[in-house]
Amino acid sequence: MLKLLKEIFRTGEATVKYPFAPMPVCKDFRGKPEHRAEDCIACAACTVACPANAIGMETDTAAGSRTWSIDYGRCVFCGRCEESCPTGAIRLSDDFELAVGSKTDLTRKAVFTLADCACCGKPFAPAKEVDYVARLLSQSARSAEEADRLRLTASTCPACKRAQDVHQIAGMGIARQMEAGKPVKELETTP
């Protein structure tokens with residue numbers, strides 16, 4: 001017995017003091033995804049990338065809002081949400097203790113307001129996403145007029161963009177026909 005005690009004191013402790021002291025984790029540990037709503041543009045890239053469907057988005061056009069949510073009970077901590085986020089709003093933390101008293105405590109939500117279309121006035125996309133896209137497009141503009149046109153394009157809903165494109169294409173077809181002096185039926189041939 002004395003020999004055993006002597007050996008225990010010589011070797012020291014073989015276990016970690018985990019419940020009473022923080023558990024050391026490695027540098028690239030994949031823990032709980034932390035979402036920062038102030039950096040998020042609600043683009044839904046993380047929703048598409050999540051293989052476990054732990055991240056979801058619901059758009060309510062009547063209320064003019066989009067709700068982002070994550071269910072940590074479904075999360076497999078793969079890190080795809082962090083990789084796909086264009087603004088870095090999701091980061092995997094070192095936190096791995098997810099024990100809760102109720103299953104509803106494993107869900108986190110964030111609500112974003114939708115931007116109204118510049119043409120029809122209906123809400124169509126998160127305001128932060130529209131602003132993000134408009135800033136990116138204006139950086140590639142060659143002039144102030146082109147930057148304004150690109151901002152207007154970013155703040156227009158897809159239905160209004162399609163209507164504008166159809167109107168523009170129809171105008172181009174009539175102009176070509178008038179230049180060529182050909183009747184309309186000759187240009188409507190299929191290949």
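Contact here means heavy atoms within 4.5 Å. The model you're looking at is predicted, so to speak a computed one: local features need pLDDT of at least 70, side-chain atom pairs count only at pLDDT 80 or more, and totals for chains, interfaces and linings use all residues. Residues are numbered from 1 along each chain as its sequence is written, and side-chain values use heavy atoms, with hydrogens and water left out.

**Exercise 1.** Find the residues that C46 touches, then place C46 in a core.

*Step 1.* Skip residues up to four places away in sequence; C46 then touches I55, W68, C81, S84 and I90.

*Step 2.* Now look for a nonpolar core (buried Ala, Val, Leu, Ile, Met, Phe, Trp, Tyr and Cys residues joined through side-chain atoms within 4.5 Å). The largest one has 18 residues, and C46, I55, W68, I90 and F112 have the most contacts inside it.

*Step 3.* Two or more residues of this core come from each of β3 (65–71) and β5 (107–116); strands are DSSP runs of E, at least two residues long, numbered from the N terminus.

**Exercise 2.** How many disulfides does the whole structure have?

*Step 1.* Recall the cut-off: a disulfide is a pair of cysteine sulfur atoms within 2.5 Å.

*Step 2.* Check C120: its closest cysteine sulfur is in C160, 3.7 Å away, so that's too far for a bond.

*Step 3.* Check C157: its closest cysteine sulfur is also in C160, at 3.4 Å, again too far for a bond.

*Step 4.* The search of the whole structure gives 0 disulfides.

**Exercise 3.** Is C157 buried or exposed?

*Step 1.* Buried means under 20% relative accessible area, exposed over 50%, and partly exposed in between (1.4 Å probe, protein chains only).

*Step 2.* C157 has 6%, so C157 is buried.

Notes
Helix = DSSP H or I, 4+ residues; strand = E, 2+ residues; numbered from the N terminus.
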